[in-house]
Amino acid sequence: MEHITLTFPATRTVSGKALAGVVGSGDMEVLFTAGQGATLTVEITTSVDNSEQRWQALFSRLGALSSLPAGQMHIHDFGATPGVARIRIEQVFEEVSYA
């Protein structure tokens, strides 16, 4: 298991908590807790070794397409494809946008 911590500048604030996915499904789980401040901190536990560049690229792409919210995100990944990872992350961002 690999543990990765990434930090990105946040350009918006939201409130609440959100959960997307189920780690037991062989997929991934994303937990997000909104915070005050100017950063999004992402803690990733993954079964895929040497994947930090992939995660960095995914969040850089998300940040370029829309604003990232401030807060703490925990990702438990068991080999989800980049497409599934993006969907799960966007799901929690959408959920807290309406909280």
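Is Phe 93 buried or exposed at 6% relative accessibility?

1. In this predicted model, Phe 93 counts as buried, because its relative accessibility is 6% and buried means under 20%.

2. The ring of Phe 93 pairs with the ring of Phe 32, and the arrangement is edge-to-face, with 5.7 Å from centre to centre and 85° between the planes. Phe 32 belongs to strand S3 (residues 28-34), whereas Phe 93 belongs to helix H2 (residues 82-97), so the pair ties together parts that are 61 residues apart in sequence. Phe 32 also counts as buried, with a relative accessibility of 1%.

3. The count of aromatic pairs comes to 2. Besides the pair already described, Phe 8 and Phe 59 form an aromatic pair that is stacked, with 5.3 Å centre to centre and 20° between the planes. This pair links distant parts of the chain, since Phe 8 sits in strand S1 (residues 2-9) and Phe 59 sits in helix H1 (residues 52-65), 51 residues apart.

4. For the stacked pair, the burial of each partner can be stated as well: Phe 8 is buried, with a relative accessible area of 6%, and Phe 59 is buried, with a relative accessible area of 1%.

5. Helix H1 also holds Ala 64, and Ala 64 counts as exposed, because its relative accessibility is 66% and exposed means over 50%. The C-alpha atom of Ala 64 is separated by 16 Å from the C-alpha atom of Ile 87, and these residues are 23 residues apart along the chain.

How values were computed:
Residues are numbered from 1 along each chain as its sequence is written. This is a predicted model: local features need pLDDT of at least 70, side-chain atom pairs count only at pLDDT 80 or more; totals for chains, interfaces and linings use all residues. Side-chain values use heavy atoms; hydrogens and water are left out. Rings of Phe, Tyr and Trp (its six-membered ring) pair if their centres lie within 6.5 Å; planes under 30 degrees apart count as stacked, over 60 as edge-to-face and the rest as tilted. Helices (H or I, at least four residues) and strands (E, at least two) are DSSP runs, numbered from the N terminus. Buried means under 20% relative accessible area, exposed over 50%, partly exposed in between (1.4 Å probe, protein chains only).
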